Amino acid sequence: MPTLQNRNNNDKTGEAPKNRFTNGQIATHDSYPKPKSDNPTRKGYGTFIVGLAISALLGLGLGYLYFLYQQNQAATGQALNPLGDNTSQSTDAATDDLENSGDLTAINPSAAQTTATPLPAPQSLNLQVNHPNGSVMQLRGITFAEDSSTVELAVTNNSRNPIKLNDNQDMVLRDDLGNQYNLVPAPENPELVVQPGTTLDGEFVFLGQIPPSASSLTLTTNDRSGGNQANTSNPKIVTANIPLQGQ
């Protein structure tokens, strides 16, 4: 009859079987070695110190780069303007000297040209022209500006019908050089209508500056549409050889 054999290797030595985890004792949970645990407070403090050091290094690096940038900008500005503010100060001083002396031509050449054109002196006149239809024109004076001339005029209508002095916008002033100056029509009476037995008296403005070389003027009513007939309602009245004095 076969004999049952114990397959435990400990049977060879005749010793009692032992647990493979302990020396003859059964291992329990408390008998395992405990892992080492880190202190969380100490670990957080170390991380804070490292972050603070990195921030300080970054701040120093950025500050040094900004310092180099400022030095480079200063060097570039000196290279572009080696005289510094002396140039602008010299220019301002020269401008002040010219203004104090009254000579602005060097600063603004057009200033001398603007004031160089002389204007004729105001003219006090007593010129009269009679038209065949009975109208009478009396020219009493004329003044001059940089952009216009103003004629003081009175026209009396002695006919039996109304007359027009500017029927086709053609009451004009001309100089002896051939330049023409058109009338600025009155909004309330653009055709300059004069009723029978009445006098139109006022100041009439003609656009344009009279050149210094002109020596006389001619005033004409109804320059294109007027006539010399006794029965015309658009009399062409011409006052010529108006002298220009004091230029």
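**Exercise 1.** In this predicted model, decide whether Asn-157 is buried or exposed.

*Solution.* Start with the relative accessible area of Asn-157, which is 0%. Next, recall the cut-off: buried means under 20%. So Asn-157 counts as buried.

**Exercise 2.** Work out where Asn-157 sits in the chain and which polar partners its side chain has.

*Solution.* First, the position: Asn-157 lies in the loop that runs between strand E3 (148-156) and strand E4 (163-164). Then go through the polar partners. The side chain of Ser-159 makes a polar contact of 2.5 Å with the side chain of Asn-157. The Asn-157 side chain also reaches a backbone atom, the oxygen of Gln-195, at 3.4 Å.

**Exercise 3.** Setting aside neighbours within four places in sequence, find the residues in contact with Asn-157.

*Solution.* Take them in sequence order. Begin with Ser-135, then pick up Pro-162 and Ile-163. Finish with the run Val-194, Gln-195, Pro-196, Gly-197 and Thr-198. Gln-195 should ring a bell: its backbone oxygen is the one that the Asn-157 side chain reaches.

**Exercise 4.** Now for the sheet: lay out the strand order, then say which strands are at the edges.

*Solution.* Write down the order, E1-E2-E3-E8: four strands in an open sheet with antiparallel pairing. Strand E1 (123-130) and strand E8 (199-207) each pair on one side only, so they are the edge strands. On average, neighbouring strands here are turned by 20° against each other, ignoring direction.

**Exercise 5.** Zoom in on the E3 and E8 pair: how many bridges are there, and which residue partners Val-151 in E8?

*Solution.* Count the bridges: E3 and E8 pair over nine of them, in the antiparallel sense. For Val-151, the bridge partner in E8 is Phe-204.

Technical notes: Residues numbered from 1 in each chain as written. Predicted model: local features only at pLDDT ≥ 70, side-chain atom pairs only at ≥ 80, totals over all residues. Heavy atoms only, no water. Helix = DSSP H or I, 4+ residues; strand = E, 2+ residues; numbered from the N terminus. Buried < 20%, exposed > 50% of the residue type's maximum accessible area, 1.4 Å probe, protein only. Polar contact = N/O pair within 3.5 Å; in protein donor to acceptor, adjacent residues only side chain to side chain. Contact = heavy atoms within 4.5 Å. Pairing = 2+ DSSP bridges. Axes fitted to C-alpha atoms, helices over the stretch in contact; angles between N-to-C directions.
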